[in-house]
Amino acid sequence: MTPAARVQMAIDILDLIIAAARERGAAADVILARWFAERRFAGSKDRRAVRALVYDAIRHSGEIPVSGRAAMLAVARARPELSACFDGSRYGPAPIAAGEAVAGQGVAPAWLEAAFEASGLGADERTALLDRAPLDLRVNRLKATPKQISGRFEGAERLGFAPNAIRLPEDTSVDRSDAYAAGQFEVQDAGSQLVSALAGAAPGMTVIDLCAGGGGKTLALAAAMENHGRILACDVDRPRLSRLMPRAERAGVTIAETLLLDPAREAERLADWREQADLVVVDAPCSGTGTWRRNPEARWRLTPAQLDRYVDTQAHLLDVAARLVRPGGALVHIVCSLLDAEGAGQVERFLAAQAGWSAVPLDSPAGRPRGDGLRLTPLHDTTDGFFVAKLVRQC
């Protein structure tokens, strides 16, 4: 493909991504995968180049662009060599006309920028939310050591703040590795690994992972427990939860079981577990503002009303979780968000509403205190953005 044809293909894909963001359709990575699956003529170099153009355009525009062409024109302004690709050639985009719409530059929609500022996130911290994310592995200590896994990959870097984490060059292929097939490691952001470790799971505990999803944190908790104890992994999403047990089998985890919950009726399904858990982890549904490095178009999808719904859901889940913790046990609130409404503010609400609970300081090699918890950011910690707090029920 010619450079001009690559630019036009990126524009066409961006049109689909913009429409999906407005209509809450498929995510950008899904749209890209479908597009290339239907167009086998695009070689690997073409696919990489087009993908890079698409994500450059997405990262460039804080507000949702009017069109894919407007988004790409904004990139061309920042990279003048791309302007020459708007040449009207057979497969290329039409020449640039005077007065054409050009997407504006920014980190996020204006209302979110204000929310970040109110949450104590400076301009440099906000800009870093759109950097490219690294590729991190979590070594499964049930089957391997970090030294064994790091020796398998060129350019592997050990991370001191997350002892089971290995950082690899972005384009490293890991899913075809024999070690991956053997369950010796999982792909997991180092920040996610750290907040899982800060939960304090230990051998012999009874642990409930209330929002387990596909099981990334469940597997990390099981490894911390050395496969001794009991983990109940719950979720309301049947397809995501169904992926957990095959992953657990591959990882050699034998202490996990799953329970499908009904939205808004979680307490009923968990009645037999009331006051039974040593530890309840609530990795709550959230805005995902801390994961924009991986899903930059997500900031076009979030609305104030949706954020309010997330906050309400989190408050409900924390209240459900509190009933499951035994006296002296702990509840850990985790969100991959950097907004106080979902992090420090949520914990403040919980402590005000629930008698007999207190927050405990977290001794962490990374992150910074925020309210009664700890916050990780891409700029400060080189991880996805997270908030984590540990709350203890009095005996």
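## Tyr180 and strand 1 in a predicted model

Tyr180 has a relative accessibility of 24%, so this residue counts as partly exposed. Keep in mind that the structure is a predicted model.

Who are the ring neighbours? Tyr180 makes a tilted aromatic pair with Phe185. Phe185 itself is buried, at 0% relative accessible area. Add Phe153 and you have one aromatic cluster of Phe153, Tyr180 and Phe185. Tyr180 also has a charge over its face: Arg250 lies 4.3 Å from the ring centre.

Further along the chain, Phe350 and Trp357 pair up edge-to-face, and both of these residues are buried. The count of aromatic pairs comes to four; here are two of them.

| Aromatic pair | Geometry | Centre to centre | Angle between planes |
|---|---|---|---|
| Tyr180 and Phe185 | tilted | 5.6 Å | 50° |
| Phe350 and Trp357 | edge-to-face | 5.4 Å | 80° |

There is another arginine sitting over a ring: Arg39 is placed over the face of Trp35, 3.4 Å from the ring centre.

Now for the strands. Strand 1 covers residues 135-139, and five of its five residues are buried. That goes for both faces: Leu135, Leu137 and Val139 are on one side, with Asp136 and Arg138 on the other.

Strand 1 runs antiparallel to strand 3 (residues 165-168), joined by four bridges. Within that pairing, Arg138 has Ala165 as its bridge partner. Strand 1 also pairs with strand 4 (residues 185-187), again antiparallel, over three bridges. There, Leu137 is partnered by Val187.

Note on methods
Residues are numbered from 1 along each chain as its sequence is written. This is a predicted model: local features need pLDDT of at least 70, side-chain atom pairs count only at pLDDT 80 or more; totals for chains, interfaces and linings use all residues. Side-chain values use heavy atoms; hydrogens and water are left out. Buried means under 20% relative accessible area, exposed over 50%, partly exposed in between (1.4 Å probe, protein chains only). Helices (H or I, at least four residues) and strands (E, at least two) are DSSP runs, numbered from the N terminus. Two strands pair if DSSP finds at least two bridges between them. Rings of Phe, Tyr and Trp (its six-membered ring) pair if their centres lie within 6.5 Å; planes under 30 degrees apart count as stacked, over 60 as edge-to-face and the rest as tilted. A charge sits over a ring if NZ of Lys or CZ of Arg is within 6 Å of the ring centre and within 35 degrees of the ring normal.
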